[in-house]
Amino acid sequence: MTVSERFDGFLDRNAGRLFILPAVLLILAFSLFPLIISAWLAVSRFKIGRDGFTLTYIGELNFKKLFTGSQQFHFLGTFSSITLTGWLILLVTALLIGAGIRQWLRSGRLTVLGGIGRLIAFGTLAALAWVFASTLQDGRLGSLSTTLFYVVVGVSLQFVIGTGLAFLCAQDIRGRSFFRLVFFIPLMVTPVGIAYTFRMLADMSLGPFSPLWKAAGFGDFSWAADPWTARLVIVVGDSWQWIPFIFIIMLAAFESQPRDEIEAAELDGAGPWRVFRDITWPSVAPVAATVVLIRVIEAFKIVDLPNVLTNGGPGIATESLTLHAFIEWRALNLGGSAAVAYTLLFVSTVVCVAFFQLVVRPMRQARGQA
Amino acid sequence: MRERRLGEMSPLTKLVVYTLLIGWSLVVLFPLYWVVITSVKLPGQVGDGPDYLPFIDFMPSLHAWRYIFVDLGSDTFRPYLNSLIIASTSTVLAMSVGACAAYALARLHFRPRLLSIVLFLVALGIGVWMIGSGLVGWPIAAASGLAIFVISVLALSRVRSPRLGNADILFWVISQRILPPVVAALPIYIMFQQIGILDTHLAIILTYTTVNMPIVVWLMYDFFASIPIDIEESAELDGASRFRIFREMVLPLAKPGLAATSLLVLILSWNEYLLALFLSTAKAQTIPLLVAAQNATRGPQWWYMSVLIVIMIVPVVLLTILLQRLIAKGLLLGAVKG
């Protein structure tokens, strides 16, 4: 046996490991390792001295500052009495949690692990809803609630419009490939470019719609000075970019729905609404849940648009968590920045894993594709 | 059969459908149109209020294009070239690493011991502590961490431990996508500063590869799993090695999926902003940073920005039109099966 034959044998026996090794090494080096360092930073104070920098362990102080201390207004928001909208949000959250618990009790599989998971998921959900509802007055949300606003409102809007467009495009119409290509374009534009483009478009005095604003009497209204309109413009820009993503995947889902079932139902005299509700929707629901999950994952990371469109302002009104962490980093408060980033990691992990376990998975299992 | 349903669509429904579709096309195209005409406006024309039609409302001028291509010259081309190099290299790397891992997860069986993973994390923690406490430099810390891991795994190799499966590994890889870049950006910044590769192509390429690889694994896993296994099995009986099977049989079959996934990854790394902002200052600056840099002290230079946005979009749109058929077949299969 020559050396090269032995080497070939070694390669072949360990083929599986060699296939997967580069991926694992990459994640360890640039994902897991930084995560540990970040945890270290989050519990330290960072100081630049004459010779490099020093890190001092200060325990939970960075987090304390964010949750109860001087940065609370920035991170959680300014607390005040709960408004009517706030109560409505709390009610909806309570109903959602109630439905989740009921579904669990009825499923007949009450494991300890499932219970702990649900406790964490529902607890986090309730806490987030409470923070959001009680900082709602005058729109003085912190970066946490602002991020939630972008995620919930943005993804809902994108899902409704994207799915609607996909449904229309799945009908028999002329020029489908044209619409498909055109609708796909915004996904290819850099978010920074989109942010500047929307700054031009939304300009109340120089933008293309300024005659309209003037005619409607909003001539000297500035969207950038009002927290809610500023947030809304960011959601619009984000949606313009991401509707194509939902569109293209939902279109594929609609096009692969069971054609023969639909025809059979139509022969039986079912109307278009019944066909949609009983056949089309159940067949695309697992894809819909997956695509919403992907969007939620990405939406938590939003930063380019608020950074460029409004620079986080007015005040801190449009700051997302990532932008908050970035601003702290720029101010060389590395510990505070890591603490914000870690909270973001915790919230988005809990929300995304809970959504996967409690919504996506049951839907897929219902369609028999675990 | 579909033609029959078309006939059933009433003229009114048809009108509504077309109105909505054309309306949305305008929503998509108008911002792009505005960028294009802004790129040929003079600063004064932008400042005077909205002008809609070139040659009728205003006289177009190529001053911004001349500034970007001639006056800035190499200051435009360098970031453009940087972006090209970084996006294409990191796409190729993410595709090779991700496709190999996806194939292995779809076809081979892995049963890593939970105990080994715990030991690894402990060793990693010790290594980080050694660096953080300032006792030793990172090469010594890394070496001793590795030594602790290897020795403890060998010592405990006979201890019984639960094992993980392919599904767990797949979930772990894909879940990396949840990690917000800003969590990893800080330590990566410090890490690259320590080994002195900050503001180089290599730093950004490695980071983009890691960030985008989970998408490749996720999309390609479904693709590989959907390829019939019989051909591979008969080739294996004939004595072909795994690598040959992968290279000569599986990859050609997976072409549409590979093309669509690489287009997506290419777009993501071409447009990425936050990590580039962290990791580059001058030499490795990418084109999205140059766009943002036009928001100078004199206020946003809309005309220059528009030129840059146009030259950023055009190549990607052309590529997408070229690959459109492959995308329809490729990206969708993986995504729809979810």
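How many Å separate the centres of domain 1 of chain A and domain 2 of chain A, taken over C-alpha atoms? The separation between those two centres is 36 Å, and I should say at once that this comes from a predicted model, so that everything I describe this morning is computed from predicted coordinates.

Let me stay with those two domains for a moment. The assignment for chain A gives domain 1 as residues 1-42 and domain 2 as residues 135-366. The contact between them takes four residues from domain 1 of chain A and six residues from domain 2 of chain A, and on the domain 1 side the residues that touch domain 2 divide into three nonpolar, one polar and no charged. In chain B, the assignment gives a domain 1 made of 75-109 together with 177-338, and a domain 2 covering 112-163, with 31 Å between the C-alpha centres of these two domains of chain B.

Now chain A as a whole. The secondary structure of chain A comes to 16 helices and two strands, and its C-alpha atoms fill a box of roughly 90 × 80 × 50 Å along the principal axes. Of its 370 residues, 41% count as buried, and among the contacts in chain A with a separation of 6 or more, 71% are between residues 24 or more positions apart.

Next, the place where the two chains meet. Here 77 residues of chain A are in contact with 78 residues of chain B. On the chain A side, helix H2, residues 15-42, gives the most, with 18 residues, and the residues on that side divide into 56 nonpolar, 15 polar and six charged.

What about the interior? The largest nonpolar core has 176 residues, and those with the most contacts inside it include A:Met250 from chain A, and B:Ala102, B:Val216 and B:Val217 from chain B. Helix H11 of chain A, residues 227-255, provides the largest share of this core, with 17 residues. To take one residue of the core, B:Ala102 touches B:Val216, B:Val217, B:Met220, B:Tyr221 and B:Phe224, if we leave out residues up to four places away in sequence.

Turning to a single helix, H6 of chain A runs over residues 112-134, and because 23 residues at 1.5 Å a residue should span 33 Å, the 33 Å between its end C-alpha atoms agrees with expectation. Within H6 of chain A, the buried residues are A:Ala129, A:Val131, A:Phe132, A:Ala133 and A:Ser134, and what covers them includes helix H5 (84-107) and helix H7 (143-170) of chain A.

The strands come next. Strand S1 (44-48) and strand S2 of chain A pair in the antiparallel sense over five bridges, with A:Ser44 standing opposite A:Tyr57 in S2. Strand S2, residues 53-57, is hardly covered, as the count of buried residues among its five residues is zero. In strand S1 we find A:Ile48, which counts as exposed because it has 10 C-beta neighbours inside 10 Å, where exposed means 12 or fewer. Beyond residues up to four places away in sequence, A:Ile48 touches A:Phe53 and A:Leu332, while A:Ile48 and A:Asp260, 212 residues apart in sequence, are 69 Å apart in space, C-alpha to C-alpha.

That contact partner, A:Leu332, deserves a word of its own. Most residues other than glycine have a negative phi. A:Leu332, however, has a positive phi near 65 degrees, and A:Leu332 is found in the loop between H15 and helix H16 (334-366) of chain A, where its 13 C-beta neighbours inside 10 Å make it partly exposed. A:Asn311 likewise has a positive phi, of about 55 degrees, although it is not a glycine; A:Asn311 is placed in the loop between H14 and helix H15 (321-330) of chain A, and with 14 C-beta neighbours inside 10 Å it too counts as partly exposed.

My last residue is A:Lys301, in the loop between helix H13 (272-299) and helix H14 (304-309) of chain A. Is A:Lys301 buried or exposed? A:Lys301 is buried, because 22 other C-beta atoms lie within 10 Å and the cut-off for buried is 20 or more. Leaving aside neighbours within four places in sequence, A:Lys301 is in contact with A:Thr322 and, across in chain B, with B:Pro180 and B:Pro181.

Conventions:
Residues numbered from 1 in each chain as written. Chains lettered and ligands numbered in written order. Predicted model: local features only at pLDDT ≥ 70, side-chain atom pairs only at ≥ 80, totals over all residues. Helix = DSSP H or I, 4+ residues; strand = E, 2+ residues; numbered from the N terminus. Contact = placed C-beta atoms within 7 Å. Expected span 1.5 Å × (residues − 1). Domains from an automatic or database assignment. Nonpolar A, V, L, I, M, F, W, Y, C, P; charged D, E, K, R; others polar. Core = buried A, V, L, I, M, F, W, Y, C linked by C-beta atoms within 7 Å. Pairing = 2+ DSSP bridges.
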